[in-house]
Amino acid sequence: MEQQLPAGRRPRLVSSLGLGQRCCEVTLDQERGLLAWRHPRRGGENYFVPTSEIIAVEETELNKKQRNTGKWQKLAKPHAFTVYYVKKARNHRWWCRDVTFWCGDENLCNQWTQALKELLEMQKCRPKQLLVYINPYGGKRQGKKIYEQKVAPLFSLASISTDVVITEHANHAKDNLFEVNINKYDGVVCVGGDGMFSEVMHGLIGRMQKDSGIDQNNPKAPLVQCNIRIGIIPAGSTDCVCYSTVGISDPVTSALHIIVGDSQPLDVSSVHHNNTFLKYSVSLLGYGFYGDILKDSEKKRWMGPMRYDYSGFKTFLSHHYYEGTISFQPAKHTLGSPRDKDSCRTGCYICKESEQQLAEQQKKCGLKHEEDEEEWKVIKGKFLAINAVNMSCACPRSPKGLSPAAHLADGSADLILVRKCSRFDFLRHLVRNTNQDDQFDFSFVDVYRVKSFQFTSKLSEDNGSNVTDIGKKRFGQFCRDHPACCCNIADSTWNCDGETLDSSAIEVRVHCQLMKLFARGIEENCKDEAAYSHSSIEHLL
């Protein structure tokens, strides 16, 4: 049965179809893009699935057992089709589920199959051709197995073609992205950890700047946005970027976000030293505590992921502090603040409004005028940690992250300064990163939302560093009180998304929404796995 609607509107299908051994009423609202049915068992639960979250539709051959059960045993040749769709569970996990409907009318079955396939064809955001890079050495060396067993079958089901490259050495993917015909692909997928993602990101952004004639060594150069989306299949020791943008580190969930064509813009920070490009960063830039952990853990890779725990404990006991001057431009265009507890979620209004305000500000003032005239704030002192984050940096051990209210695409970073304090007080701050308490509620912790900053350590200044340092030019030298028992001779190391930087004196600038991911940001949690079943079907009829 097809319900007649006014001219100009797409028809709505309403049919009695077989589901299991019984029949149920199934509705396809093509205008609103919703498939709904009432399950004949399970207490008559109502289900609805947006067509944007249907993975595939296939004609199905019923087996002999199905044919000889219930009222359908009377049918000479029943016809069936299977709908594969996304089902949402707790903690942001997605599953691929399927439901098979059948009937005795071949024309009716074809009508349903054709209508659903036409709706899927209208999903223009979905990828059809992907370039996949797999790091077989990252994490527990399970990347290739995870892709072949959990991801590739889903891509095949969704009729996505792939070109797969197994990386053989560091920067293999990055170098390859400068050579391939990137325009033939709808996206690039990396299978691995945060290091693999960083490699693909550097390759894509670098390729875009090269093709556009942009000099990456110029810290003030406006970079060209990268419109080719990156998908992350988590298979590393740490999957911070995936966890902070999807809400879970799960290969199937990430694959389904890629299949349905989700798109999440992401801010990227560029890091320079003396007009020389060093790295891009999307998650953590950490000096002091987190830099020392990375530096020490790199010597202990043989320990596997446990090296981070060992190095973290060792670094905490050493309790080193470092002197330096940090200069920054406050992000006046953003609507939020680091302590407003307004987390970045799917369709975040703060990101959208902040992007518009930043664009209007730059259009009005011009980038060069803005850089020259806007006020810089300068802070000098002794720090246990200096952290700049473009996202919350959430992970299973720290579900809220280093900055719970950081936003993915508002054109700013949260700058967290942890001044010299007692070992006990620093421990209290670290513990709060793992629970619900406000980790910034200490007299020795300051947090600012910034769009650019510069840092020079006391050691690099004493050695005559040439880095552009507004703090040094305008506010003179550091105070030189060094208690003999705590004097630090060496510099710390910057931890840039899990990789060390060669220089401690850096200049950082946030580029608003420079790239895009196959993600939609973190959704509000589903209350139970049957997320689709608790919405009434009546409003569709």
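**Notebook: helix packing and three loops**

I looked up helix α8 against helix α9 and recorded that the two are oblique to each other. The model I am reading is a predicted one. Two packed helices are described by the angle between their axes and the distance between the axes, so I noted both values. For α8 (residues 289–297) and α9, the angle is about 130 degrees and the axes are 9 Å apart. An angle of 65 to 115 degrees would count as roughly perpendicular and one over 145 as roughly antiparallel, so the value of about 130 degrees falls to the oblique class. I also recorded that α8 passes α9 in a right-handed crossing.

Which residues make this contact? On α8 I listed Phe289, Asp292, Ile293, Asp296 and Ser297. On α9 I listed Arg307, Tyr308, Tyr310, Ser311, Gly312, Lys314, Thr315 and Phe316. I sorted the residues of this contact by type and found five nonpolar, four polar and four charged.

**Entry: burial of α8**

Is α8 mostly covered or mostly open? I found it mostly covered, with eight of its nine residues buried. The buried residues are Phe289, Tyr290, Gly291, Asp292, Ile293, Leu294, Asp296 and Ser297. I noted that Asp292 and Asp296 belong to this buried set and that both also take part in the contact with α9.

**Entry: α9 against α12**

I followed α9 (residues 306–318) to its packing with helix α12 (residues 423–432). The angle here is about 145 degrees, and the axes are 10 Å apart. The contact is made by Phe316, Leu317 and Ser318 from α9 and by Arg423, Phe426, Leu427 and Leu430 from α12. By type, I counted five nonpolar residues, one polar and one charged. Phe316 appears in this list and also in the contact of α9 with α8.

**Entry: α3 against α7**

I then looked up helix α3 (residues 143–157) and helix α7 (residues 251–259), which pack at an angle of about 30 degrees with their axes 10 Å apart. Angles under 35 degrees count as roughly parallel, and α3 and α7 are therefore roughly parallel to each other. I recorded that α3 passes α7 in a right-handed crossing. From α3, the contact involves Ile146, Lys150, Val151, Leu154 and Phe155. From α7, it involves Pro251, Val252, Ala255, Leu256, Ile258 and Ile259. How do the residues of this contact divide by type? I found ten nonpolar, no polar and one charged. An α-helix has 3.6 residues a turn, so residues three or four places apart point the same way. I kept that rule in mind when reading the list for α3, where Ile146 and Lys150 both appear.

**Entry: the loop between β17 and β18**

I found Ser392 in the loop between β17 (377–389) and β18 (413–419). Ser392 is buried, with a relative accessible area of 10%. A polar atom of the Ser392 side chain lies 3.3 Å from the backbone nitrogen of Ala394. Setting aside neighbours within four places in sequence, I listed the contacts of Ser392 as Ser244, Lys400, Gly401, Leu402, Ser403, Pro404 and Ala406.

Cys393 is in the loop between β17 and β18 as well, and Cys393 is buried at a relative accessible area of 9%. Most residues other than glycine have a negative phi, and most peptide bonds are trans. I therefore marked Cys393, which is not a glycine but has a positive phi of about 60 degrees.

**Entry: Asp497**

I marked Asp497 for its positive phi of about 50 degrees, although it is not a glycine. Asp497 lies in the loop between β20 (495–496) and β21 (499–500). Its relative accessibility is 9%, and Asp497 counts as buried.

**Entry: Asn435**

I located Asn435 in the loop between α12 and β19 (445–457). Is Asn435 buried or partly exposed? At 26% relative accessibility, I recorded it as partly exposed. A polar atom of its side chain lies 3.5 Å from the backbone oxygen of Val431 and one lies 3.0 Å from the backbone nitrogen of Asp437. I also noted that Asn435 and Ser398 are 37 residues apart in sequence and 7.3 Å apart in space, C-alpha to C-alpha.

**Entry: the whole protein**

Lastly I recorded the totals. The secondary structure comes to 14 helices and 22 strands. Of the 541 residues, 56% are buried. Among contacts with a separation of 6 or more, 75% join residues 24 or more positions apart.

Definitions and conventions. Residues numbered from 1 in each chain as written. Predicted model: local features only at pLDDT ≥ 70, side-chain atom pairs only at ≥ 80, totals over all residues. Heavy atoms only, no water. Axes fitted to C-alpha atoms, helices over the stretch in contact; angles between N-to-C directions. Helix = DSSP H or I, 4+ residues; strand = E, 2+ residues; numbered from the N terminus. Left-handed = near helix turned anticlockwise from the far one by under 90°. Contact = heavy atoms within 4.5 Å. Nonpolar A, V, L, I, M, F, W, Y, C, P; charged D, E, K, R; others polar. Buried < 20%, exposed > 50% of the residue type's maximum accessible area, 1.4 Å probe, protein only. Polar contact = N/O pair within 3.5 Å; in protein donor to acceptor, adjacent residues only side chain to side chain.
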